[in-house]
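Trainee: Could you walk me through one part of this model in detail? I'd like a close look at the sheet, and then at how that part sits in the whole assembly.

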Number of protein chains: 2
Amino acid sequence: MIEQYPSQLLERAVGEFSKLPGIGRKTSLRLMLHLLRQDKDAAENLANAVAQLRREVRYCSVCHNISDTELCPICANPQRDRSTICVVENIQDVMAVERTGQFRGLYHVLGGIISPMDGIGPSDLEIESLVERVKEGGVEEVIFALASTMEGDTTNFYISRKLQPLGVKLSVIARGISVGDELEYTDEVTLGRSIVNRTELK
Amino acid sequence: MIEQYPSQLLERAVGEFSKLPGIGRKTSLRLMLHLLRQDKDAAENLANAVAQLRREVRYCSVCHNISDTELCPICANPQRDRSTICVVENIQDVMAVERTGQFRGLYHVLGGIISPMDGIGPSDLEIESLVERVKEGGVEEVIFALASTMEGDTTNFYISRKLQPLGVKLSVIARGISVGDELEYTDEVTLGRSIVNRTELK
């Protein structure tokens, strides 16, 4: 059904907004009419922030995290442990690990994971630059923090084969039952992994 | 919990986006990172469309519908029936009635409904301009198509008291069970209205 918009300006804005994933035309219309009820500043600020982000965004030359500067705040921080690199899929994952407060090393953002179904191969990801970082020396451990899926496991395997000859310690974040979860509601594969990878009580 | 954003540009864009109703910081971050993966044009087009909409938007001088011109396409259309005015709360409602294809008259967009709880009184709405339209003559019927709520009924009542002395026919859209609904799942009040306002079979 073709919607009749009383204004082409409105139609265009709704159209652009509804290109965003998970935002339909109805939500988009609601958001645009909301902006029209606000101060002029609200729409201008939103538009400027989005345009400026896209125009001026940079990525850290070392870890490929998003950054306003040549080095991201994490790579530039002298208090971070340079001997440990945590390999993650994307920027959200850096933020997720940072929120735990349990990791003081550096990151390496792959920009995706190997997924033949989506046409993403190793050369589409920041894998070579990770191998180069390890070759440069000073790295003692590489921690894989990728999704616990077939694609994540494939990527772990591919990269670990590349890094093994370099004599660096490789590890994978633990998979097991979530903190607060009950055993009876945990799937067998996860519970099985929890048992195999049990840790000694001290 | 304070999120650590690796980029202030990103943080600002996420902040502006999450001011929109129903868009949280997590969704907003996801949308911004999506835009960063697209062509530069995607973000620029979105930003320009929003800014231009807000800067150049106009409202129809007759019915207060959104419009790119002095008169909205509906008021400017010589084939619409000028003797009937359908009173609605907002622009979405104009579009909803238009989609039915059952109405060929003109509209009057109030810009809200009377709601003392939200501090919205008659003077905040386009009620005086509706009375003026009717006073100018040529209007035979005013149809109220407001929400079937206490606020909607209050607004119907308030406006109808103002219009009654002008000798114009007043009507309210029918309330009853939805097309396709089963009786046993319809609430009593709606079903009761359906029975009272039954229409003769022909």
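**The sheet and its surroundings**

Mentor: Let's start with one pair of residues: A:Phe144 stands opposite A:Val172, which belongs to strand 6 of chain A. Keep in mind throughout that this is a predicted model. The pair sits where strand 5 (residues 141–144) of chain A runs parallel to strand 6 of chain A, and four bridges join these two strands. Helix 7 (residues 150–163) of chain A packs on the sheet here and touches both strand 5 and strand 6 of chain A. The direction of helix 7 of chain A makes about 170° with that of strand 5 of chain A.

Now step back to the whole sheet. In chain A it is an open sheet of four strands, ordered 4-3-5-6, and the pairing is parallel. Strand 4 (105–109) and strand 6 (169–172) of chain A are the edge strands, each pairing on one side only. So A:Val172, from our opening pair, lies in an edge strand. Ignoring direction, neighbouring strands of this sheet are turned by 25° against each other on average.

There is another helix to look at on this sheet. Helix 6 (residues 128–135) of chain A lies across strand 3 (81–88), strand 4 and strand 5 of chain A. Helix 6 of chain A runs at about 150° to strand 4 of chain A. Strand 5 of chain A is thus touched by helix 6 as well as by helix 7.

Over to chain B. Its four strands also form an open sheet in the order 4-3-5-6, with parallel pairing. At the edges stand strand 4 (105–109) and strand 6 (169–172) of chain B; each has a single partner strand, so one side of each is left without a neighbour in the sheet. The twist averages 25° from one strand to the next.

For a close-up in chain B, try the other end of the strand order. Strand 3 (residues 81–88) and strand 4 of chain B run parallel and are joined by five bridges. One residue to find there is B:Cys86, whose bridge partner in strand 4 of chain B is B:Tyr107. Helix 6 (residues 128–135) of chain B packs on the sheet and touches strand 3, strand 4 and strand 5 (141–144) of chain B, its direction making about 150° with that of strand 4 of chain B. Helix 7 (residues 150–163) of chain B lies across strand 5 and strand 6 of chain B, at about 170° to strand 5 of chain B.

Next, how the chains go together. Chain A superposes on chain B by a rotation of 180° with 0.1 Å of shift along its axis, at an RMSD of 0.1 Å. The two copies are therefore related as by a two-fold rotation axis. In chain A, A:Ala47 has the C-alpha nearest that axis, 2.0 Å from it.

As for the interface, 54 residues of chain A are in contact with 54 residues of chain B. Of the interface residues of chain A, 100% are also interface residues in chain B, so the copies meet through the same surface. About 5,400 Å² is buried between the two chains, and carbon and sulfur atoms give 69% of that area. The rule finds two salt bridges across the interface of chain A and chain B. A salt bridge to look up is the one where the side chains of A:Glu44 and B:Arg55 meet, at 3.2 Å, N to O.

Definitions and conventions:
Residues are numbered from 1 along each chain as its sequence is written. Chains are lettered from A and ligands numbered from 1 in the order in which they are written. This is a predicted model: local features need pLDDT of at least 70, side-chain atom pairs count only at pLDDT 80 or more; totals for chains, interfaces and linings use all residues. Side-chain values use heavy atoms; hydrogens and water are left out. Copies are superposed by least squares on the C-alpha atoms of residues with pLDDT of at least 70 in both. Contact means heavy atoms within 4.5 Å. Two strands pair if DSSP finds at least two bridges between them. Axes are lines fitted to C-alpha atoms, for helices over the stretch in contact, and angles run from 0 to 180 degrees between N-to-C directions. Buried area is the accessible area (1.4 Å probe) that two parts lose on being put together, summed over both. A salt bridge is a side-chain nitrogen of Lys or Arg within 4 Å of a carboxyl oxygen of Asp or Glu.
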